[in-house]
Amino acid sequence: MLDASSVRAWCALALEALGRGREEIDAVNVFPVADGDTGTNLYLTVESAAQAVDAVYGAFAADGAGSGAVVEPAVADVLRAMAHGALIGARGNSGTILAELLRGLTGAVVADPASGAGELLAIALRRGADAARAAVEHPVEGTMLTVADAAAAAAGRSGAGDAARVARAAYDGAREALAATTGQLDVLRRAGVVDAGGLGLVAVLGTLADALSGAARPTELRLEGPAGRGTGARRTAARHDDGGDVACPVPGGGGPAYEVIYLLEAGDDAVTRLRPRLDALGDSLVVVGGDGLWRVHVHVDDAGAAVEAGVEAGRPYRIQITHLPAGDAAAAPRGDSGGGPEGRAVVAVVPGDGLAALCAEAGAGVVTVREGEPPASGELAEAMRRTGAREVVLLPNDAELRHTAAVAVEEARASGVRAALIPTRAAVQGLAALAVHDPGRRFDEDVVSMTAAAGATRHAELAVAEQDAWTTAGICRPGDVLGVVEGDVAVVGTDLAETAEAVLDRMLAGGGELVTLVLGPDLPPGFGARLEAHVRSGHLAVDTVVYEGGSQSAPLLIGVE
């Protein structure tokens with residue numbers, strides 16, 4: 001039956017199967033572009049789900065410590081953790097759709113626990129397939145959605161009873177549907193491959209059957225027939241956004257310039273209004289989740305507009321903006337090289353949605369962070385890899401991320417990417433580095449130039465004190481405004497604008513040619529103009545640029561070059 005231990009085993013087996021098969025899945029990822037990352041995206045999504053399940057077990061084990069009793073969490077708790085973990089960690093189109101499928105499956109099991117094991121699983125698979133299809137704005141047949149539908153239909157025909165038998169029927173139905181995807185989409189037919197997202201889903205369903213049967217190792221990911229033989233041959237493909245599973249414009253049309261992904265805290269009505277707005281901006285729109293938390297994925301030409309739409313709907317965070325390489329999305333026939341990664345890219349870690357859009361418009365891939373939730377090295381390495389570039393420069397923009405960023409760069413290098421870390425300690429240093437970035441220069445020269453620009457930029461920010469404390473500038477009280485220069489408190493004041501002016505005067509006393517101001521969302525109207533006038537009145541030769549930073553943690557970021 002489907003109990004907590006079998007769900008945990010399913011996650012572990014699925015992670016193992018996708019880990020072993022992700023290169024083969026990546027290799028057949030050709031629709032709508034040959035981006036070669038569907039297997040990786042599914043692996044990272046399931047990894048997040050498995051970690052969430054392990055965390056539930058860890059909490060129950062801690063509660064039962066010392067009692068001698070074996071504490072087992074409820075299946076509903078484990079399923080909810082799996083679905084939530086998948087939602088939080090979903091990557092690309094394929095991972096986003098899988099997260100919604102798991103969420104639909106979970107909802108069915110939790111809502112009707114009294115049904116027989118086999119009947120309940122069949123209902124859950126149908127609910128999951130329907131939820132996944134509903135999440136995609138413009139579904140197309142011959143994709144991951146088709147495979148999910150076929151699996152659910154086969155499970156429904158298998159009859160009630162043993163859950164393992166129902167899961168095996170779903171797996172067999174999925175394999176049959178997957179083999180047919182080659183003939184359902186022209187791009188798959190030309191390449192002679194099956195849909196990559198569907199192939200990953202077959203692996204996940206196979207391990208569900210394995211877990212319910214008590215198998216210790218996952219079923220080998222292998223297909224029969226012409227389409228299946230392609231999974232054993234490695235294709236080199238130009239990496240792009242994962243799209244091996246969701247409808248996009250007809251290949252060859254160029255496509256949007258950016259992939260935008262974020263988590264969104266918003267109500268149902270706000271998300272209903274958000275969908276048509278994002279759909280009008282681009283394509284590949286997938287919105288999954290519920291109960292106030294959503295994962296949004298879309299391809300657009302105006303990344304800022306996509307983020308702004310999220311801000312108006314609720315609170316977006318963990319924003320990822322990837323600059324998508326141009327080119328025909330049609331796949332080369334099997335055996336062709338497909339081109340391989342080319343060019344140079346920059347990946348920047350930024351604290352706000354406004355900065356994310358600004359960096360994306362400058363051509364950088366972006367990873368946004370929330371205060372207290374730093375990205376892991378694997379997340380940064382994945383962002384570097386997703387650029388599809390042969391050479392990648394990473395801007396951590398935070399002194400505390402330097403070690404994490406260094407590990408990410410080493411991971412990227414291990415995968416064949418020529419990577420460099422510029423030790424930027426603040427977002428304004430990253431902006432300075434981006435301003436002089438020139439992909440036409442030799443890689444080493446570009447890195448040196450960007451490093452020099454970042455190093456020549458002094459940085460500061462305003463913060464609001466939360467408690468009484470001693471600082472290097474004296475005692476502060478709750479609500480006081482702190483001017484933090486290069487990591488040390490230099491000014492303690494009571495007014496945001498006056499404190500900012502004092503910080504600017506202190507920084508410009510040592511010279512400077514350009515002041516950069518990045519404004520937070522809650523500053524009063526005219527705040528930036530006041531500071532710009534202040535700089536102009538006392539330092540005629542200094543230029544000032546003002547940017548809207550969006551939902552960053554600091555009210556104001558300051559850079560002086």
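Student: Which residue in strand 4 is the bridge partner of Leu263?

Tutor: Quick housekeeping: this is a predicted model, where local features need pLDDT of at least 70, side-chain atom pairs count only at pLDDT 80 or more, and totals for chains, interfaces and linings use all residues. Residues are numbered from 1 along each chain as its sequence is written, and side-chain values use heavy atoms, with hydrogens and water left out. Strand 1 (residues 258-265) and strand 4 (residues 315-323) run antiparallel, joined by 7 bridges; strands (E, at least two residues) and helices (H or I, at least four) are DSSP runs numbered from the N terminus. In strand 4, the partner of Leu263 is Tyr317.

Student: And in strand 6, which residue is the bridge partner of Ile321?

Tutor: Strand 4 also runs antiparallel to strand 6 (residues 365-368), with 2 bridges joining them. Two strands pair if DSSP finds at least two bridges between them, so these two make the cut. In strand 6, Ile321 is matched with Val366.

Student: How many salt bridges does a search of the whole structure find?

Tutor: You're looking for a side-chain nitrogen of Lys or Arg within 4 Å of a carboxyl oxygen of Asp or Glu. Asp149 and Arg133 are one such pair, at 2.6 Å from N to O. That pair links distant parts of the chain, with Asp149 in helix 6 (residues 144-157) and Arg133 in helix 5 (residues 117-135), 16 residues apart. Over the whole structure, the salt bridges come to 26.

Student: Glu137 forms a salt bridge with Arg275; is Arg275 buried or exposed?

Tutor: The closest N and O atoms of the two are 3.4 Å apart, and the pair joins the loop between helix 5 and helix 6 to helix 11 (residues 268-281), 138 residues apart. For cover, buried means under 20% relative accessible area, exposed over 50%, and partly exposed in between (1.4 Å probe, protein chains only). Glu137 has 27%, so it counts as partly exposed. Arg275 has 18%, so it counts as buried.

Student: Which Arg forms a salt bridge with Glu391?

Tutor: Glu391 is in strand 7 (residues 391-395), and its partner is in strand 5 (residues 344-350), 47 residues away. Glu391 is buried at 10%, and the Arg is buried too, at 16%. Both belong to a network of salt bridges that also includes Arg418, Arg441, Asp444 and Asp446. With the closest N and O atoms 2.9 Å apart, the partner is Arg344.

Student: How many of the 10 residues of helix 16 are buried?

Tutor: Helix 16 spans residues 427-436 and is mostly covered. Among its buried residues are Ala427, Gln429, Gly430 and Leu434. The number buried is 8.

Student: Phi of Asp291 is positive, in a residue other than glycine; what value is phi near?

Tutor: Asp291 is in the loop between strand 2 (282-290) and strand 3. At 78% relative accessibility, Asp291 counts as exposed. Its phi is near 55°.

Student: Where is Glu486, which also has a positive phi?

Tutor: Phi of Glu486 is near 50°. With a relative accessible area of 31%, Glu486 is partly exposed. Its place is the loop between strand 12 (481-485) and strand 13 (488-493).
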